[in-house]
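Open the structure in your viewer and keep the selection tool at hand. We will start with the whole chain and then zoom in on one sheet.

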Amino acid sequence: MTPFRALLQVPDGDSAGTAVSAHFFGAQLLVDAPGSPIDVAQLIVSVGGVDGPELFLNWLDGQGRQASLKPLSADDIAIVLAEAPAVLQPQLQRLWGGRQRNRRQVSGWLAGLTGAGVAAAALLWWQGGNAVSALAGLIPLSTEQQLGELALAQVRAQGGLIETGTAQQTVRDIGQKLTAGSRYTYRWLVKQDESINAFAMPGGIIVVHTGLLRQARDPGELAGVLAHEVQHVEQRHSLRQMISSLGWGALVGVTIGDISAVAAMLAHQAGTLYFSRDMEEEADRLGLQALQRARIHPDGMLTFFQKLGGEDKGEVPGWISSHPQTAARAQQIRALIAATPCPACLPLSSDHWQAMQAALPSAK
């Protein structure tokens with residue numbers, strides 16, 4: 001196989017990267033640097049570069065930390081595109097071709113802002129949230145999914161993630177009732193953590209803490225939480241908040257497909273994003289509608305809010321600290337339920353609820 005030149009970046013290496021030679025051999029990527037061969041199936045492709053084309057091959061080392069390899073020139077990129085094994089080709093073809101389209105879109109958008117001069121600056125100051133939403137809308141679903149996967153890898157490296165078993169299956173079964181027909185393929189995970197928390201990551205990844213599962217009185221209350229978190233994904237709230245907090249440079253980079261620069265930062269934000277009141281109210285309203293479409297009585301959403309909103313004993317639960325204005329939103333949810341009756345909706349039952357509660361890992 002033809003070798004290509006690349007810049008290797010590993011967690012314990014030089015921050016500027018190390019120039020190496022690499023090549024594909026069967027289903028492995030071999031790099032002339034200390035370390036084990038990389039299984040090509042574990043690679044995540046990202047693309048970027050504002051001034052010139054850049055291609056990144058990303059993977060996680062044995063400790064769950066991100067490493068990447070960036071071909072140095074257009075000729076090196078051409079070698080990767082031509083000689084990468086078949087398992088990697090769908091990512092390469094989709095992202096490399098899509099990058100060119102996205103670059104033209106973003107370039108036109110930014111050129112319009114530049115031409116507008118002071119007026120554009122005023123617009124961004126006055127309606128920054130709308131500007132972020134407009135650019136975030138250009139990010140393809142494939143890039144959003146990559147962001148979510150890289151963030152999930154960081155969360156997984158922290159330990160305590162439960163990806164199978166009764167608790168995960170119960171969350172998945174309820175969640176799937178709320179996401180029929182979605183453009184996202186959802187992943188439902190449980191994290192062994194006694195804080196009362198649940199959070200959504202870009203691309204359709206929902207994580208529920210064991211502390212929240214213990215706190216939920218019945219399947220309906222869990223469904224209310226999941227319905228809310230799902231809408232943070234469907235409306236791209238998580239994506240917009242993550243990127244917005246990283247600044248405009250990162251936003252433009254992600255829009256054209258360069259996710260490597262922001263991946264390591266995502267884990268620190270997962271579960272702690274502070275959504276605007278408008279976003280929270282939208283997730284409540286659309287989550288309630290999702291419950292009704294699934295013919296699940298929405299009272300569980302209200303009772304869970306009321307339960308946590310009434311707690312005033314020491315530390316504020318994680319789900320409340322990242323989902324503020326609880327008391328006011330509980331009143332709004334009650335009003336929405338009264339205004340949109342659902343005679344066909346029934347209390348949600350689960351054959352596995354008691355078994356799930358009993359199977360939860362012991363609280364530490």
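What percentage of the 364 residues in the protein chain is buried? Buried residues account for 48%. Keep in mind that this is a predicted model.

**Whole chain.** Show everything as a cartoon. The protein chain holds 16 helices and 11 strands. Switch on the surface next. About 16600 Å² of the protein chain is exposed, and carbon and sulfur atoms supply 53% of that area. Now think about contacts. Take those in the protein chain between residues at least 6 apart in sequence: 67% of them join residues at least 24 apart.

**The sheet.** Select strands S8, S9, S10 and S11. These four strands form an open sheet, with mixed pairing. Trace across it in the order S8-S9-S11-S10. Colour residues 161-162 and 198-201: they are S8 and S10, the edge strands, and each pairs on one side only.

**Inside the sheet.** Select residues 187-191, strand S9, and residues 205-209, strand S11. This pair runs in the parallel sense, over five bridges. Show Val190 and Val208 as sticks. Val190 stands opposite Val208, which belongs to S11.

**The helices against it.** Add residues 166-178. This is helix H6, which packs on the sheet and touches S8, S9 and S11. The direction of H6 makes about 140° with that of S9. Then select residues 219-234, helix H8. Which strands does H8 lie across? Helix H8 lies across S9, S10 and S11. Rotate until S10 is in view: H8 runs at about 25° to S10.

Key: Residues numbered from 1 in each chain as written. Predicted model: local features only at pLDDT ≥ 70, side-chain atom pairs only at ≥ 80, totals over all residues. Heavy atoms only, no water. Pairing = 2+ DSSP bridges. Helix = DSSP H or I, 4+ residues; strand = E, 2+ residues; numbered from the N terminus. Contact = heavy atoms within 4.5 Å. Axes fitted to C-alpha atoms, helices over the stretch in contact; angles between N-to-C directions. Buried < 20%, exposed > 50% of the residue type's maximum accessible area, 1.4 Å probe, protein only. Areas by Shrake-Rupley, 256 points an atom, 1.4 Å probe, with all protein chains shown as cover.
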